[in-house]
Amino acid sequence: CDRRQRQMCIRDRMLGLTSLQAQSLKAIKLNAPDKTRGASVMEALADRHSEREFANKKLSQQDLSDLMWAAIGINRKDGKRTAASALNKQDVDVYVLMEEGAYLYDPKAHQLNPVAEGDHRPLIGGKQTSVNSAPACLLMVSDVSKFGNVGTPQLRERFGALDAGLVSQNIALFCSGCGLVTCLLYTSDAA
């Protein structure tokens, strides 16, 4: 596949167009996040770096729970999230791709809902094949339609990119502070 075809395939799969393939997967109810774990923010910043070698083991249920909550979990009674978003539109969805299948994180229920069976990690790595064996790949998708008619289409795309960057930073800091490795890969559907 060329880059554009791969992006379209990723988008189609992650938007639930293959949800019938997820019939044997069950939703994963996540544990309550452990908000006391990990290093201080300053230590996490000092230790933060990209790593492309991953352990050959699955994330623990607690690691997965805490990771998703750190990414875009609800941290206030009013439903606002750990990651800021432009105009508080909460436009970023996070998909989790693991060996057994792809899931969409639901912050309100704090659970992973099945999207598609099978290993879809190779779809997002492109030439960076090291992610094919990562225990989990997180895919951030911004739904820029949530911005309505605010500004120009280009501004709305920038808002989406900014918001995905904020979520990505939460992920990187969580991983750094809790002894997990991570690296950021970028792809865009922009023409």
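This passage describes the sheet, the helices packed on it, one buried residue and the internal cavity of a predicted model.

Because the model is predicted, local features were taken only at pLDDT of at least 70 and side-chain atom pairs only at pLDDT 80 or more, while totals for chains, interfaces and linings use all residues. Residues are numbered from 1 along each chain as its sequence is written, and side-chain values use heavy atoms, with hydrogens and water left out.

An open sheet of 5 strands, with antiparallel pairing, follows the order β1-β4-β3-β2-β5. Its edge strands, β1 (28–29) and β5 (137–142), each pair on one side only. Here strands (E, at least two residues) and helices (H or I, at least four) are DSSP runs numbered from the N terminus, and two strands pair if DSSP finds at least two bridges between them. In general, strands of a sheet pair through backbone hydrogen bonds, either parallel or antiparallel.

Strand β4 (residues 111–117) is joined to β3 (residues 101–106) by 6 bridges. Within this pair, Tyr 105 has Leu 112 as its bridge partner, and Leu 104 is matched with Asn 113. The two strands form a hairpin with 4 residues between them, and His 110 in the turn has a positive phi of about 45°. Strand β4 also pairs with β1, in the antiparallel sense, over 2 bridges; Gln 111 is the β4 bridge partner of Lys 29.

Helix α3 (residues 61–72) lies across β1, β2 (92–98), β3, β4 and β5, and runs at about 155° to β2. Helix α5 (residues 153–177) also packs on the sheet, where it touches β2 and β5, and its direction makes about 155° with that of β5. These angles run from 0 to 180 degrees between N-to-C directions, with axes fitted to C-alpha atoms, for helices over the stretch in contact.

Asp 63 is found in helix α3. This residue counts as buried because its relative accessibility is 15% (buried is under 20% relative accessible area, exposed over 50%, partly exposed in between; 1.4 Å probe, protein chains only). Beyond its neighbours within four places in sequence, Asp 63 is in contact (heavy atoms within 4.5 Å) with Arg 37, Phe 174 and Leu 180.

Finally, the model holds 1 cavity of 30 Å³ or more, where a cavity is a set of points on a 1 Å grid over the protein atoms alone at which a 1.4 Å probe fits but cannot get out. The largest cavity has a volume of about 60 Å³, the volume being the space filled by probe spheres set on the points. Residues lining the largest cavity include Ile 72, Arg 81, Val 92 and Asp 163, lining residues being those with an atom within 4 Å of a point.

Conventions:
On a 1 Å grid over the protein atoms alone, a cavity is a set of points where a 1.4 Å probe fits but cannot get out, and a pocket is an open set with protein on both sides within 12 Å along at least five of seven lines; lining residues have an atom within 4 Å of a point.
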